[in-house]
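Here is a short note to read beside the model on your screen. Take the points one at a time, and keep the viewer open as you go.

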2 protein chains.
Amino acid sequence: MTDRLTIAQLQTPALLIDADVLERNIAEMATALPGPRLRPHVKAHKCTDLARRQAAAGHQGFTCATIRECEGMVTAGLGDDLLLANEVLDAGRLGALVAGGARVTVAVDSPRTVHAAAAGGVREVVIDVNVGLPRCGCDPADAGQLADAARKAGLQVRGVMGYEGHVVGLPDAAERASKTKTAMELLVAAHADVGGGLVSAGGTGTYACNTWASEIQAGSYVLMDTAYGKLGLPFGQALHVLATVISGSGQWSVADAGLKAFGMDHGNPELAGLDGATVWFCSDEHTTFSPALPVGERVRFAPAHIDPTMAYHERAYVCSGGEIVDVWPIDMRGW
Amino acid sequence: MTDRLTIAQLQTPALLIDADVLERNIAEMATALPGPRLRPHVKAHKCTDLARRQAAAGHQGFTCATIRECEGMVTAGLGDDLLLANEVLDAGRLGALVAGGARVTVAVDSPRTVHAAAAGGVREVVIDVNVGLPRCGCDPADAGQLADAARKAGLQVRGVMGYEGHVVGLPDAAERASKTKTAMELLVAAHADVGGGLVSAGGTGTYACNTWASEIQAGSYVLMDTAYGKLGLPFGQALHVLATVISGSGQWSVADAGLKAFGMDHGNPELAGLDGATVWFCSDEHTTFSPALPVGERVRFAPAHIDPTMAYHERAYVCSGGEIVDVWPIDMRGW
């Protein structure tokens, strides 16, 4: 007999993490990219308990997307080497973490962000280089000059980062590899001008083919989603949204998880383990799908995009078999 | 001199509510649908401070989509007449609210949900009728029988509800009115079989043309979004997401609000007050747009869909002119 909560007892919607799939994903990645070769990106899960599992697999450095994520990691005792892979104009909260003994390195891509890092009390930066995605990062030709400016401002320049975000999701593996090469050649050239030990890049879609980066910033691999699921990567879907069929017409079913339970930018979630099922549409608190199932039935959805899905939920239930073996707060939400 | 926080001092991304537009929206709706003619839907904002403004305008009954929203409203002292316009299979938490003195009415559309309401300690229900949207609601022909079953189970049946969600967003006003009529004729017929005082229906898109419902469940009118903004309704955009330009290339700008700051199911947010601006795409924590603006510039986005946008944020800053006059927790998130 056990006192453990079972999945059947959960109120829905609820995030479920399959402990076994999670551990397999972590182990698979730690074998491919051991220790410092992987700098797991916490934006994918926003959960310090999950980050602790990644640290236990040998990864001591982490990537963050927000100041709040840095603060959460430090509070959890996981602040040995955090890279905020994003630009900030007010770095005071990061400086406070550094003053408290954490190691926080921030991305800079302009004189203004260099100044902000120095003014905020951050001591270490990487030069963020645009490698083809129209987003952050300086022109590769400007990277050396920006590194000089950072050093003049009293900052230590640890190297470069450049995210090939326009490549990570390409369905064709050969094209993904070829375009990663093009992107990383820009980053490597910028690195020659910048110096420092870090060449930080990559994501779940390019972790295996990006052989130029000294460390890969993959995040999604640990939980996965249906978008990355299409790429044939050796990672399993560890996260589902558990829902209950609360209504139905004989032609369709209505589950009690909707737009506020799923990141929708990559499209509708998919029903897991239900052959021939089709999601019709999501409303705020509902998903209508076929086939018609009895009211009371439980279903599981695999989200199309993991990151904005996690950001909607307060906690995740870690399960093994039908039992809940842990409850993890999604404690790095917000900004 | 004032000690008030200004918008310029806010860390971004941040939800901004324009106090003046908000009050105009509330007043406009209270004139069109005074007192009990409107049962504001709190799912649109998930904020008890905002609900309190709606109550002050004369609306004492509210619509909720989740149990958590009911609990939040009761905690805030706004539990005089809550309608959970959704089906639940475990009504125990609702029963606890009723036992504590709140009035909570729940939607039922099947024998199973009738049983759940009675078993959970809820005393009042409405019969949820499908009026054309493939989602919840019983067949109109079954409504009377379901009401009988509810009464046999000891429940008081307050009437019917039926949401014309397939109609509220139609761009053509005449088509919206005509399809509302078709939907509401189904509801009125079901009401004749069910009895009770309530014929609850409608939303922001049909508040003016739905003359069959005794009360309208509109929510979005109070803050608005770009989807409803296209319908020519007399409500202004009261909510924006404030963001900072953190990077740019000379061809584009990157703002620090992305997929975790906007509900994306209706598409990209729009830049407010910036003629000719175009959103290129949103990433987890970024939106890339043109034109190229200086790093440090502040911009405001109007979300495409208000409800899932609010659910991402912990608080909203209520502003008048450039000053923050209040900070409202988004305190009814989660389930």
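Where in chain A does A:Pro291 lie? Keep that question in mind while you look around; the answer comes in point 1. Please remember throughout that this is a predicted model.

1. **Two cis peptide bonds.** A:Pro291 sits in the loop that runs between strand 13 (287–290) and strand 14 (298–302) of chain A. The peptide bond leading from A:Ser290 into A:Pro291 is cis, and its omega is near 10°. Another cis bond links A:Thr12 to A:Pro13, with omega about 0°. A:Pro13 belongs to the segment before strand 1 (14–18) of chain A. These bonds deserve a look, because most peptide bonds are trans.

2. **Positive phi angles.** Most residues other than glycine have a negative phi. A:Lys46 is not a glycine, yet its phi is positive, about 55°. You will find A:Lys46 in the loop between helix 1 (19–32) and helix 2 (48–56) of chain A. Is A:Lys46 buried or exposed? A:Lys46 counts as buried, because 27 other C-beta atoms lie within 10 Å, and the cut-off for buried is 20 or more. In chain B, B:Met224 also has a positive phi, about 70°, without being a glycine. The loop between strand 8 (215–216) and helix 8 (226–229) of chain B holds B:Met224. B:Met224 is buried too, with 23 other C-beta atoms within 10 Å.

3. **The chain as a whole.** Chain A is built with nine helices and 16 strands. Along the principal axes, its C-alpha atoms fill a box of roughly 70 × 45 × 35 Å. Chain A has a radius of gyration of 21 Å, which agrees with the value near 20 Å for a compact globule of 335 residues. Buried residues make up 57% of the 335 in chain A. Look at the contacts in chain A between residues at least 6 apart in sequence: 65% of them join residues at least 24 apart.

4. **Two domains.** The domain assignment divides chain A into domain 1 (7–14 + 235–329) and domain 2 (20–222). Their centres, taken over C-alpha atoms, are 31 Å apart. Eleven residues from domain 1 of chain A and 16 residues from domain 2 of chain A make up the contact. On the domain 1 side, helix 9 (306–310) and strand 15 (315–320) of chain A each give two or more residues. Helix 9 of chain A has the largest share there, three residues. By class, that side has seven nonpolar, three polar and one charged residues.

5. **Two copies.** Chain A superposes on chain B after a rotation of 180° with 0.0 Å of shift along the axis, at an RMSD of 0.0 Å. That is the relation of a two-fold axis. How many residues does the contact take from chain A and from chain B? Each chain gives 45 residues. Strand 9 (239–248), strand 12 (278–282) and helix 9 of chain A each supply at least two residues of the side that touches chain B. Strand 9 of chain A gives the most, with three residues. This side of chain A divides into 18 nonpolar, 15 polar and twelve charged residues. The copies meet through the same surface, because 100% of the interface residues of chain A are also interface residues in chain B.

6. **The nonpolar core.** In soluble globular proteins, nonpolar side chains tend to be buried together. Here the largest nonpolar core has 222 residues, and A:Ile127 and B:Ile127 touch the most other members. Among the residues that B:Ile127 touches are B:Val108, B:Cys138, B:Leu146 and B:Val194.

Technical notes
Residues are numbered from 1 along each chain as its sequence is written. Chains are lettered from A and ligands numbered from 1 in the order in which they are written. This is a predicted model: local features need pLDDT of at least 70, side-chain atom pairs count only at pLDDT 80 or more; totals for chains, interfaces and linings use all residues. Domain bounds come from an automatic or database domain assignment. Two residues are in contact if their C-beta atoms, placed from the backbone, lie within 7 Å. Helices (H or I, at least four residues) and strands (E, at least two) are DSSP runs, numbered from the N terminus. Ala, Val, Leu, Ile, Met, Phe, Trp, Tyr, Cys and Pro count as nonpolar, Asp, Glu, Lys and Arg as charged, and the others, Gly among them, as polar. Copies are superposed by least squares on the C-alpha atoms of residues with pLDDT of at least 70 in both. The radius of gyration is taken over C-alpha atoms; the globule rule is 2.2 Å times the number of residues to the power 0.38. A residue is buried if 20 or more other C-beta atoms lie within 10 Å of its own, exposed if 12 or fewer, and partly exposed in between; C-beta atoms are placed from the backbone. A nonpolar core is a set of buried Ala, Val, Leu, Ile, Met, Phe, Trp, Tyr and Cys residues joined through C-beta atoms within 7 Å. Lists of a residue's contacts leave out its neighbours within four places in sequence.
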